[in-house]
Structure formats: C-alpha cells, structure tokens
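Grab a viewer and work through these short exercises on cavities, a ligand and domains. Each task comes with a worked solution.

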Amino acid sequence: MKFLDEYRDAALTRQLAAKLAQRVTRPWTLMEVCGGQTHAIVKFGLDTLLPPGLELVHGPGCPVCVTPIELIDKALEIAARPEVIFCSFGDMLRVPGSKMDLLSVKARGGDVRIVYSPIDAVKLAQDKPSREVVFFAVGFETTAPANAIAVAQARQFGLKNFSLLVSHVLVPPAMEAILASPDNRVQGFLAAGHVCAIMGYTEYEPLVRKHRVPIVVTGFEPLDILQGLLMCVDLLESGRAEVENQYTRAVRREGNRPALELVREVFRVVPRKWRGIGEIPQSGLGLSEAYAEFDAEMRFGVAGVGAEESGECISGLILQGVRKPHECPAFGARCTPDHPLGATMVSSEGACAAYHRYRRVQAATH
Ligand code: SF4
C-alpha cells in the first residue's frame with residue numbers, strides 16, 4: 001500500500017534496531033504517550049527488538065481509557081431519556097460505567113447511535129427537530145477541532161436541540177503530572193504525532209526545560225517509532241533535553257493555526273478528572289461561556305453525578321507507566337475484551353487490549 005508499506009519495511013526496521021543497540025550505553029525508560037503507538041509497538045513486536053536496558057512504558061494517550069467513570073454514568077443517564085438521540089463513536093459504547101455501558105442502555109430501548117463524525121450528529125439534529133441530539137465529545141487535541149466545528153455549525157443553523165457531552169483532555173498537563181509524580185520512571189517521551197499536527201509542539205518546550213526530559217514528536221508506523229526512539233536515545237546519551245520532531249511529514253512547530261483559533265473560541269481550558277489517575281489541573285476542555293448553551297451536562301442537569309472506580313483495576317498505574325497490563329491480577333482472567341473491568345481493556349487503543357490481542361502473556365492466576 002502506497003505511503004504505508006514504506007514505513008513497515010523489514011530491512012529498514014532491522015537497520016534502525018541495530019543503530020539503536022549501538023547507541024544505547026546505559027538503561028533508559030521511555031514512554032510512548034499515545035495508545036495508537038502502544039498498539040503498533042505490541043502488534044509489530046517492536047519492543048522485542050530493543051536492546052537490553054531500553055524499556056518502553058505505556059502512557060495515558062487513549063482518550064476512551066481516560067474518560068472518567070462519572071462521565072460515562074452521565075452519558076448513560078442522558079442516553080436513557082426518551083427524548084434523546086445519543087450519538088457517539090463506536091469505541092465508547094462498551095466502556096463500563098459504574099453499573100452498565102451505553103450498549104446496555106441501547107438494549108433497554110435507549111436511542112443510542114454510532115456516528116462517524118460530530119457533523120453527522122448536527123445533521124441528525126436538523127432532521128429531527130422534536131428530539132434532543134447529544135454528541136459524546138471524547139478525545140485529545142486531535143478531535144477538538146471537529147467538535148468545535150460541529151458546535152459552531154449548530155449555532156449558525158440556529159439549532160436548539162443539539163448539545164455536546166464534553167470529555168476533552170489535553171496531553172501536556174498529563175505529561176507534567178507524570179513527570180511531577182514521586183513514582184515517575186520516565187526519562188524521555190515519544191509524543192503523539194496526530195495531537196501535535198493540531199497543537200504543534202511549543203507547549204512541550206517549557207516541560208522539557210523544567211524537567212530536563214527530551215520529547216520527540218513521533219508517528220505511528222514501525223519505522224516512525226524506531227526512528228523516534230533513536231532520536232530520543234540520542235538526546236539522552238548526549239545529555240541534551242530538547243524537543244525534536246520525527247513526524248515532519250505531518251507536524252509543524254506552530255501546529256494548525258486556523259484549527260487552534262476555532263478551538264480557543266469554542267472551548268476553554270478546565271480542570272479534568274482522568275480515569276484511574278484523578279483530577280489534573282488545567283488538563284481538559286469545556287465549552288466556553290459563549291457556547292455554554294450547547295453543554296449537555298447543564299441542559300440535562302447531570303453535572304453533579306459522581307461514581308467510584310473498581311478497586312481491582314490498576315489501569316491508572318498502567319496509564320502512568322508505573323505498571324504493565326500483565327501485572328494486573330485480573331488480566332486475562334476476570335478481565336478480557338469480552339468482559340472488560342476497565343477501559344484500557346475495552347478501547348481499541350488501550351494497553352490491556354493490545355497485550356491481550358497481540359501478546360501471549362500468561363493470565364494472572366491470583
Ligand atoms: S487488565 Fe482489566 S482490570 Fe486490569 S488494569 Fe487492565 S482493564 Fe483494569
């Protein structure tokens with residue numbers, strides 16, 4: 001396939017792995033931030049090609065995984081209302097809330113629909129003026145522009161029956177929280193290329209200066225990831241804490257300016273709770289005052305809904321790079337993709353799902 005096979009070339013992969021082995025002179029622990037990168041690493045066995053001493057830990061970059069349980073419960077409560085058409089991307093439908101998931105609401109008669117774009121939900125609101133159409137706006141910086149366009153369109157069309165249930169999170173504050181934690185083991189990051197295609201990477205520069213930890217903006221194919229690792233190890237071995245860009249075919253330092261302007265108009269930065277991790281200051285987006293009328297939490301009066309995490313799931317530690325999925329006592333036994341206990345086993349980008357799908361790791365027996 002054009003523009004895909006080139007980045008999966010086996011001979012070049014082996015060459016990059018050999019270069020990496022030559023460059024590593026001492027142990028390093030690096031984190032790939034994005035769940036898409038985690039899946040590529042496990043799927044293609046890239047971590048099995050790494051030299052001894054170079055360890056990869058998996059980061060919090062799966063938006064489905066970090067959506068807090070009380071927000072799932074709010075989605076369930078809204079979706080169960082007879083006047084509501086609840087629209088979501090498919091990967092949110094099986095994420096467990098405290099009692100059930102969106103698929104269960106659908107099975108009980110709720111009008112829950114999978115859409116492929118927030119604009120589809122806007123069109124639905126136009127077509128069904130007697131119904132309330134709610135879109136579950138989950139994601140990182142990558143999906144914020146499309147959601148901002150949807151809200152701006154709804155306003156332009158004068159729609160009063162469209163709203164967003166917003167669970168947007170921002171990557172740099174999560175990286176700051178990981179670096180500031182007393183348990184932190186991460187010495188360098190591979191940042192997510194698609195996030196940086198929107199936001200650029202200027203926000204990483206103060207992080208690098210403060211914590212003296214290099215960050216390499218990296219793509220998602222095997223050669224991207226190995227090259228990103230090589231660049232990051234090169235920075236570490238030469239004692240340089242800098243931001244570098246491996247994903248130059250998609251990312252510019254300043255990001256996508258028109259998209260960022262629209263996001264800043266429609267959203268504002270808010271504190272946000274991350275599933276399994278807790279609240280991180282200034283780590284999310286909520287609707288700005290100018291667009292507050294499109295806020296589903298306010299419209300349906302669910303702002304006060306709260307819920308407790310399962311005590312058994314250690315996904316919070318996995319998302320911070322402190323533990324690996326197979327170290328969870330429930331992995332592969334009480335928690336499987338068919339019967340997930342936590343969001344990291346549900347999502348197509350979750351680390352537990354990646355280990356379960358691609359790795360023959362022995363299930364925990366206790
Ligand atoms: S295996 Fe299941 S219970 Fe364990 S951390 Fe992963 S999602 Fe949570």
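The exercises below deal with a predicted model.

**Exercise 1.** Find out how many cavities of 30 Å³ or more the whole structure has, then look at what lines the largest cavity.

*Solution.* Start with the search: over the whole structure, 3 cavities of 30 Å³ or more turn up. Next, take the largest cavity, which holds about 100 Å³ of space. Its lining consists of 14 residues, and those closest to the centre are C313, C328, C335, T344 and C352. Now bring in the secondary structure: α14 (315-319) and α15 (343-346) each give at least two residues to this lining. Finally, sort the lining by class: 11 residues are nonpolar, 3 are polar and none is charged.

**Exercise 2.** Where does the ligand sit, and which residues are around the ligand?

*Solution.* First, place the ligand: you'll find it in the largest cavity. Two or more residues of the shell around the ligand come from each of α14 and α15. Then list the residues within 4 Å of the ligand: C313, I314, S315, I318, C328, F331, C335, L341, G342, T344, M345 and C352. Last, split this shell by class, and you get 9 nonpolar residues, 3 polar ones and no charged ones.

**Exercise 3.** Work out how domain 1 and domain 2 are placed, using their centres and the residues in contact.

*Solution.* Begin with the bounds: the domain assignment puts 1-310 in domain 1 and 315-365 in domain 2. Taken over C-alpha atoms, the two centres are 19 Å apart. To finish, check the contacts, where 34 residues of domain 1 touch 25 residues of domain 2.

Definitions and conventions. Residues are numbered from 1 along each chain as its sequence is written. This is a predicted model: local features need pLDDT of at least 70, side-chain atom pairs count only at pLDDT 80 or more; totals for chains, interfaces and linings use all residues. Side-chain values use heavy atoms; hydrogens and water are left out. On a 1 Å grid over the protein atoms alone, a cavity is a set of points where a 1.4 Å probe fits but cannot get out, and a pocket is an open set with protein on both sides within 12 Å along at least five of seven lines; lining residues have an atom within 4 Å of a point. Grid points are joined across faces, edges and corners, and a volume is the space filled by probe spheres set on the points. Helices (H or I, at least four residues) and strands (E, at least two) are DSSP runs, numbered from the N terminus. Ala, Val, Leu, Ile, Met, Phe, Trp, Tyr, Cys and Pro count as nonpolar, Asp, Glu, Lys and Arg as charged, and the others, Gly among them, as polar. A molecule sits in a cavity or pocket if more than half of its atoms lie within 2 Å of its grid points. Domain bounds come from an automatic or database domain assignment. Contact means heavy atoms within 4.5 Å.
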